[in-house]
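Biologist: I would like to go through some labels and ask what stands behind each of them. Please set the values against the cut-offs.

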Amino acid sequence: MVCKECEKTIAKNSNYCKYCGAKVEKAEKEEKKVSVINTKKTAKDDTSLLFKEVEVTESEAETGAERILDFDGAVEPLHIVFPKLFCTGQLFMVKKYKFLNEQGKKYKKNILIRVNIA
């Protein structure tokens with residue numbers, strides 16, 4: 001920033017000029033620049049969350065279960081193995097699973113799976 005009185009360069013957050021002592025007016029201070037964020041989602045930054053509920057039997061909950069889940073646009077079906085001794089309502093997260101958009105470009109989404117014991 002430049003002082004109006006002596007025209008020397010001073011720090012941006014100065015209230016007074018360190019060379020001539022002139023008070024720096026608020027109008028003279030530089031305004032903070034605001035960057036505009038593009039809110040349009042592209043294939044690379046689509047991080048929305050998919051939610052899927054899976055039902056298992058009580059015996060599968062005790063011994064562990066295995067499922068193959070298919071999602072629209074997924075590169076391949078999701079093969080998931082649930083551990084032993086899980087309970088109803090337990091959540092499992094699959095991060096950055098690969099999908100294809102209409103143009104054939106790959107992008108990733110997170111998948112949240114809720115297990116229900118029937």
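Biologist: Why does Met93 count as partly exposed?

Modeller: This is a predicted model, and the value is computed from it. Met93 has a relative accessibility of 41%. Buried means under 20% and exposed over 50%, so Met93, at 41%, counts as partly exposed.

Biologist: Where does Met93 lie, and what does Met93 touch?

Modeller: Met93 lies in strand β4, residues 91-100. Leaving aside residues up to four places away in sequence, Met93 touches Leu49, Asn110, Ile111 and Leu112.

Biologist: Why is Cys20 said to be in no disulfide?

Modeller: The search of the whole structure finds zero disulfides. For Cys20, the nearest cysteine sulfur is that of Cys17, 3.7 Å away. A disulfide needs the two sulfur atoms within 2.5 Å, and 3.7 Å does not meet that cut-off, so Cys20 is in no disulfide.

Biologist: What makes Cys87 partly exposed?

Modeller: Its relative accessible area is 47%. The partly exposed class lies between 20% and 50%, so Cys87 belongs there. Cys20, at 39% relative accessibility, also counts as partly exposed.

Biologist: How do you know that β4 and β5 pair?

Modeller: Pairing takes at least two bridges. Eight bridges join β4 to β5, so the two strands pair, and they run antiparallel. Phe99 stands opposite Tyr107 in β5. The two strands form a hairpin with five residues between them, and Gly104 in the turn has a positive phi of about 85 degrees.

Biologist: What joins β1 to β5?

Modeller: Eight bridges join strand β1, residues 49-56, to strand β5, residues 106-117, and these strands run parallel. Val56 has Ile117 as its bridge partner in β5.

Terms used. Residues are numbered from 1 along each chain as its sequence is written. This is a predicted model: local features need pLDDT of at least 70, side-chain atom pairs count only at pLDDT 80 or more; totals for chains, interfaces and linings use all residues. Side-chain values use heavy atoms; hydrogens and water are left out. Helices (H or I, at least four residues) and strands (E, at least two) are DSSP runs, numbered from the N terminus. Buried means under 20% relative accessible area, exposed over 50%, partly exposed in between (1.4 Å probe, protein chains only). Contact means heavy atoms within 4.5 Å.
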